[in-house]
Amino acid sequence: MKITDLKIGQFATRNWYNNKESLCIKRSNLNQYEYWENGNFSSVARENSSIFKHNDFKLCDCNGKLIEEFT
């Protein structure tokens, strides 16, 4: 999924180049995304961030633990 597919308040993660398992992105409002690491806010994602180019994100909790999707 793309990061823009997140609903406000949801978190997503991917296989980061530096293998940070606890790093994730939160959609905090319609046009704002935040980096979270180890369950804590880290920084706001810039509009030109490379996160918007990836389509391999998966839903997770604020600690980066994947959430299984049921269909």
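L6 touches M1, F11, A12, I25, R27 and L59, leaving out residues up to four places away in sequence. In this predicted model, L6 also belongs to the largest nonpolar core, which has twelve residues. Here is a quick tour of that core, followed by the salt bridges, the surroundings of S22, the cysteines and the aromatic pairs.

**The nonpolar core**

- Alongside L6, the largest nonpolar core takes in I3, A12, W16, L23, I25, Y33, Y35, A45, I51, F57 and L59.
- Two or more of these residues come from each of β2 (23-29) and β3 (32-37).
- Three of the contacts of L6, namely A12, I25 and L59, are members of the core too.

**Salt bridges**

- How many salt bridges are there? The count comes to two.
- One of them pairs D56 with R14, and their closest N and O atoms are 2.8 Å apart.
- D56 sits in the loop between β4 (40-44) and β5 (58-60), while R14 sits in the loop between β1 (11-13) and β2, so this bridge ties together parts that are 42 residues apart in sequence.
- Of these partners, D56 is partly exposed at 32% relative accessibility, whereas R14 is buried at 17%.
- K20 forms a salt bridge with E37, with 3.5 Å between the closest N and O atoms.
- Because K20 is in the loop between β1 and β2 and E37 is in strand β3, this pair ties together parts that are 17 residues apart in sequence.
- K20 counts as partly exposed at 36% relative accessibility, and E37 counts as partly exposed at 24%.

**Around S22**

- S22 is another residue of the loop between β1 and β2, and at 15% relative accessibility S22 counts as buried.
- Which side chain does S22 join through a polar contact? The partner is N38, at 2.8 Å.
- Apart from neighbours within four places in sequence, S22 is in contact with W36, E37, N38, N63 and G64.
- E37 thus appears twice in this tour, as a contact of S22 and as the salt-bridge partner of K20.

**Cysteines**

- A search of the whole structure for disulfides finds zero.
- For C24, the nearest cysteine sulfur is that of C60, 4.2 Å away, and C24 is in no disulfide.
- Is C24 buried or exposed? At 0% relative accessibility, C24 counts as buried.
- C62 is likewise in no disulfide, and its nearest cysteine sulfur, that of C24, is 6.7 Å away.
- With a relative accessible area of 26%, C62 is partly exposed.

**Aromatic pairs**

- The whole structure holds three aromatic pairs, and two of them are described here.
- F11 and W36 make an edge-to-face pair, with 5.2 Å from centre to centre and 85 degrees between the planes.
- This pair links distant parts of the chain, F11 being in strand β1 and W36 in strand β3, 25 residues apart.
- Both F11 and W36 are buried.
- The rings of W16 and F57 have centres 5.8 Å apart and planes at 70 degrees, so this pair is edge-to-face as well.
- W16 lies in the loop between β1 and β2 and F57 in the loop between β4 and β5, which links distant parts of the chain, 41 residues apart.
- W16 is buried with a relative accessible area of 8%, and F57 is buried at 2%.
- W16 and F57 are both listed in the largest nonpolar core.

Note on methods
Residues are numbered from 1 along each chain as its sequence is written. This is a predicted model: local features need pLDDT of at least 70, side-chain atom pairs count only at pLDDT 80 or more; totals for chains, interfaces and linings use all residues. Side-chain values use heavy atoms; hydrogens and water are left out. A nonpolar core is a set of buried Ala, Val, Leu, Ile, Met, Phe, Trp, Tyr and Cys residues joined through side-chain atoms within 4.5 Å. Buried means under 20% relative accessible area, exposed over 50%, partly exposed in between (1.4 Å probe, protein chains only). Helices (H or I, at least four residues) and strands (E, at least two) are DSSP runs, numbered from the N terminus. Contact means heavy atoms within 4.5 Å. A salt bridge is a side-chain nitrogen of Lys or Arg within 4 Å of a carboxyl oxygen of Asp or Glu. A polar contact is a pair of N or O atoms within 3.5 Å; within protein, one must be able to donate a hydrogen and the other to accept it, and residues adjacent in sequence count only if both atoms are side-chain atoms. A disulfide is a pair of cysteine sulfur atoms within 2.5 Å. Rings of Phe, Tyr and Trp (its six-membered ring) pair if their centres lie within 6.5 Å; planes under 30 degrees apart count as stacked, over 60 as edge-to-face and the rest as tilted.
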